[in-house]
Amino acid sequence: MDALRRTGVTIRKAGPGDAVAGVTPRLVALPETTGEVAALLRVSAEHDLAVVPAGEGTKLGWGAPPERCDLLIDTCCLTLDGRSTVEHAPGDLVVRVSAGVPAATLASLPGPSGLRQELALDTPLPGGTVGGTLATAIAGPRRLRYGTARDLLIGATVVLADGTIATSGGRVVKNVAGYDLGKLFCGSYGTLGVITEAIFRLHPVPTARRWIVATLPSPAAPGAGGGPDATAGPRALVAGLVTGLASSQAEPSAIELDWPAPHGDLTLAVLVEGRAAEERALPLRDLIGGHILGDGAHVSDRPPPWWNTLPGEEVLLELRFPPAEAGDALRAVAARGLPARVRGSVASGVLHVAPPPALGGPELSAFVSSVRDDLGRLGGGVIVLAVPPEPGRTVERWGPVGALPLMRRIKERFDPGRRMSPGRFAGGI
Amino acid sequence: MPAQTLDEPIRRFREFLGPGSVITDPVRLRTYECDGLTHHRAVPAVVVLPESAEQVAAVVRVCDEHGVPFVARGAGTGLSGGALPRTDGVLIVTSRMRRILSVDLANRRAVVEPGVTNLAITEAVRDQGYYYAPDPSSQQVCSIGGNVAENSGGAHCLKHGFTVNHVLALEIVTPQGEIVELSAADPGYDLLGAFIGSEGTLGIATKVTVRLTRAPRNVTTLLAAFDGVERGGQAVSAIIGGGILPSAIEMMDALAIEAAEAAVACSYPEGAGAVLIVELDGPVEEVAHELGEVTRICRESGAFALRTAADPAERAAVWKGRKSAFAAVGRISPAYIVQDGVVPRTALPEVLASIDRLSREHGIRVANVFHAGDGNLHPLVLFDDREPGAGERAELVSGRILDLCVEYGGSITGEHGVGVDKSRYMTKMFSDDDLDTMQLVRCAFDPRGLSNPGKVFPTPRLCGEVPGVRRGVHPLVESGRAEQF
């Protein structure tokens, strides 16, 4: 404690509100510079303190609870060189930010001639920071067109477990000098070190946006024909539509799905962005209309209310699958008859599933392993992002991770003392 | 390493690859002595031509067992000596691994072996209306495995991104001979992203799952002629500042135009001190609007001639001069160095002026051809290799250009890679701590340092070594550049 105080960094005692997935740290530090983070980590190394970095805490419950947690490093007060938190170079379409900045801050920055610029990365949890977005590799609807954080990140500064400050990339988009450490830290769940700064490429904010929204019959309900595989028709409808929309030359930016309950209808929403969004929405509307009966699809200048949100918070799974298998992926969720809500970026092969929060450990485990088996057969997988402590004890969060042995070796090199968020990721990493 | 220590590995290679896939004949070995950067040469001790991931893994395991360094090579078109062989090592050539294993249009992906050429992927799906987006200028011959190693870009990466944005998964052989899959769909560290662009130092890609992109409905190319690069540069800034993201913006200066005209008679507007090629792609309505804007901006920035190409033949004519530029300078200079550096787009005018000053100070002509949209310069430093001292002066100018790139907050390489050519410049961009941290990644993948040793990093520490206490100031901070941003 004294040694930490001697760093000059603001330190306070932790309370229950600081708990990380149910584990309360002893102390919380509020560093203001990358140098201060390095000082904290050097002291932590000397005293064998386990450290967890945290931003706003919107996703701090994701991942397994840390095996131990002495010090929480709160990135709230981090600055660039002790001054500002955002340095925007509009002429270069680049922004450098502190890790503690809410990612939503970068959704609209002033550009030249009155135009706006944005980090084209939707963040489904409002308030989530840049650091947390990178560490959990979370992304929203427009991943279809712009990719995820790793595709937009062009430079990063991180502090390793021993206090070493390392920078990679830079402030130019085109750059192949050296290894891309920033990418390595994407999805790292705080287990490799603390991300303190990030540099992103920006995009011009599109002049117009249109959403094409349509209701589809449940892919878990029998189609009109009946027969031994009665849901084949509705499943093929989803898969066919997703494939058709994703390959449209109208170039949609996002293709999202919301399915509140397995036997109810599902909603498909497609986003087009650009000066000619209105005109481009029409062929997409007609494409959907050609597939479905009833009212067809309608075009709106507003997103549906569920757009860029997660289907639940307490229990949350992430499904990955080849997008053309969307119908079968949905059936896998419905197969156990649980009222789970499904939402996400169907054309990118990423869906989030919220099973009922009251589910007990055994039921949840059975559900996860059943969906995981089915998705495994489709060439996909399932991870459990959020789960309450009790069922969390028994549920297998990550499933098979092909490169786990290599990830372990990376962890051993970066954090040989296992002090950075120990145990939060797969295989005890 | 004395040659005889390779006797046993070579015997083993012949055993499991067959004698026809193991080259030790000195004459044939010389074919492989360099890649596209021809002034670095080294004849490998042995070349192997595996046909499968299992064979690559078996070769690598033998290398690991005997402590023999190995280098992977695709088509050998790299421009930084990344595939320069080791005289004491094995060169693993992927030219017999060139099958397209599957094309899955419904999921917009294809799985290919590393020796498949970049363009072959596009050719396999073009008729169905798809293509593979990264398009390095060597795309007709360069291999996708090499693209993965170098994180290759191309003229159109301004809008469409690099190899790392278009590879969904890799099967790799680690430097210890394990076959591992790295996938964008896996949770955890983005090892796929770290591997791509690691220049063969983390292992060898044996299968590549690429994203296929739907061909745009419309592609329109505009050629604009200006009296000089300054006005052309203004147009570039105004286009980007105007919220338009073309798929490519290329610029050539007067000397580069002169060379291209001499070589391929591309008939660019007479009297042009600079030409700008702006390519727009996407839905028809968007392209039409953007074309109007770009045309207006070019006129306002002083373009005195504008040409629009809307079909493939016209487009090829506009690109002809640009694509020939590197080779074309051979017409106006006996020897030249191709440089590759990046500056923030807004620094282009100042950096071009500084290059011009350098050129005059040292009496060395520099032709500028560059991807203006992303600030990626390709200065061609011209000299007469028969003139005493000219080569050294050209090297000096070429190096000073990289210094300029770093000074302005850019990079020492935008797409050609570090390889052997630029490892000595890495310390200008990165601190010892940065490089030591990168070395941790290297050690995790390749603890014995056998995979393409001597590339990318200047004299790395051995994996067991503990860094000394060094709290030096970052070179960018020391020079005040980190604050400048």
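Start by selecting residues 348–362 of chain B, helix α12(B), and look at the face turned away from its buried side, where you will find the exposed residues Ala353(B), Arg357(B), Arg360(B) and Glu361(B). Keep in mind as you go that this is a predicted model.

Now turn to the other face of the helix. Which residues of α12(B) are buried? Colour Leu348(B), Val351(B), Leu352(B), Ile355(B), Leu358(B) and Ser359(B), and you have the answer. These residues cover an arc of only 115° around the axis, which puts them on the same side of α12(B). The pattern has a simple background: an α-helix has 3.6 residues a turn, so residues three or four places apart point the same way.

To see what lies over that side, show α8 (229–241), β18 (365–371), β19 (376–383) and α13 (390–407) of chain B, which are among the elements covering the buried residues of α12(B).

Next, try a distance in your viewer. The 15 residues of α12(B), at 1.5 Å a residue, should span 21 Å, and the end C-alpha atoms are indeed 21 Å apart, so the two agree. Then step just past the helix to Gly363(B), which has a positive phi near 60°.

Zoom out to the whole of chain B. Its secondary structure comes to 17 helices and 19 strands, and its C-alpha atoms fill a box of roughly 70 × 55 × 45 Å along the principal axes. How does its radius of gyration compare with that of a compact globule? For 485 residues such a globule would have a value near 23 Å, and chain B has 23 Å, which agrees. In this chain 57% of the residues count as buried. Of the contacts with a separation of 6 or more, 72% join residues 24 or more positions apart.

Colour chain B by domain next: domain 1 (3–93), domain 2 (101–214), domain 3 (216–328), domain 4 (333–418) and domain 5 (423–458 + 469–479). Pick out domains 1 and 4 of chain B, whose C-alpha centres lie 33 Å apart. Their contact takes four residues from domain 1 and five residues from domain 4. On the domain 1 side there are one nonpolar, three polar and no charged residues.

Stay in chain B and select Arg41(B), in the loop between α2 (26–30) and β2 (46–48). Is Arg41(B) buried or partly exposed? It is partly exposed, with 15 other C-beta atoms within 10 Å. Apart from neighbours within four places in sequence, Arg41(B) is in contact with Glu33(B) and Cys34(B). For a long view, draw a line from Arg41(B) to Glu290(B): their C-alpha atoms are separated by 47 Å, and the two are 249 residues apart along the chain.

Bring chain A into the picture. It is divided into domain 1 (2–77 + 413–428), domain 2 (86–204) and domain 3 (209–394). The C-alpha centres of domains 2 and 3 of chain A lie 28 Å apart. Nine residues of domain 2 are in contact with twelve residues of domain 3, and the domain 2 side has four nonpolar, one polar and four charged residues.

Finish where the chains meet: 69 residues of chain B are in contact with 67 residues of chain A. Elements of chain B giving two or more residues to this side include α8, α10 (284–300) and α15 (432–445). The largest share, nine residues, comes from α15(B). By class, the chain B side divides into 28 nonpolar, 26 polar and 15 charged residues.

Methods
Residues are numbered from 1 along each chain as its sequence is written. Chains are lettered from A and ligands numbered from 1 in the order in which they are written. This is a predicted model: local features need pLDDT of at least 70, side-chain atom pairs count only at pLDDT 80 or more; totals for chains, interfaces and linings use all residues. Helices (H or I, at least four residues) and strands (E, at least two) are DSSP runs, numbered from the N terminus. The expected span of a helix is 1.5 Å times one less than its number of residues. A residue is buried if 20 or more other C-beta atoms lie within 10 Å of its own, exposed if 12 or fewer, and partly exposed in between; C-beta atoms are placed from the backbone. The arc is that of the directions from the helix axis to the C-beta atoms. Two residues are in contact if their C-beta atoms, placed from the backbone, lie within 7 Å. The radius of gyration is taken over C-alpha atoms; the globule rule is 2.2 Å times the number of residues to the power 0.38. Domain bounds come from an automatic or database domain assignment. Ala, Val, Leu, Ile, Met, Phe, Trp, Tyr, Cys and Pro count as nonpolar, Asp, Glu, Lys and Arg as charged, and the others, Gly among them, as polar.
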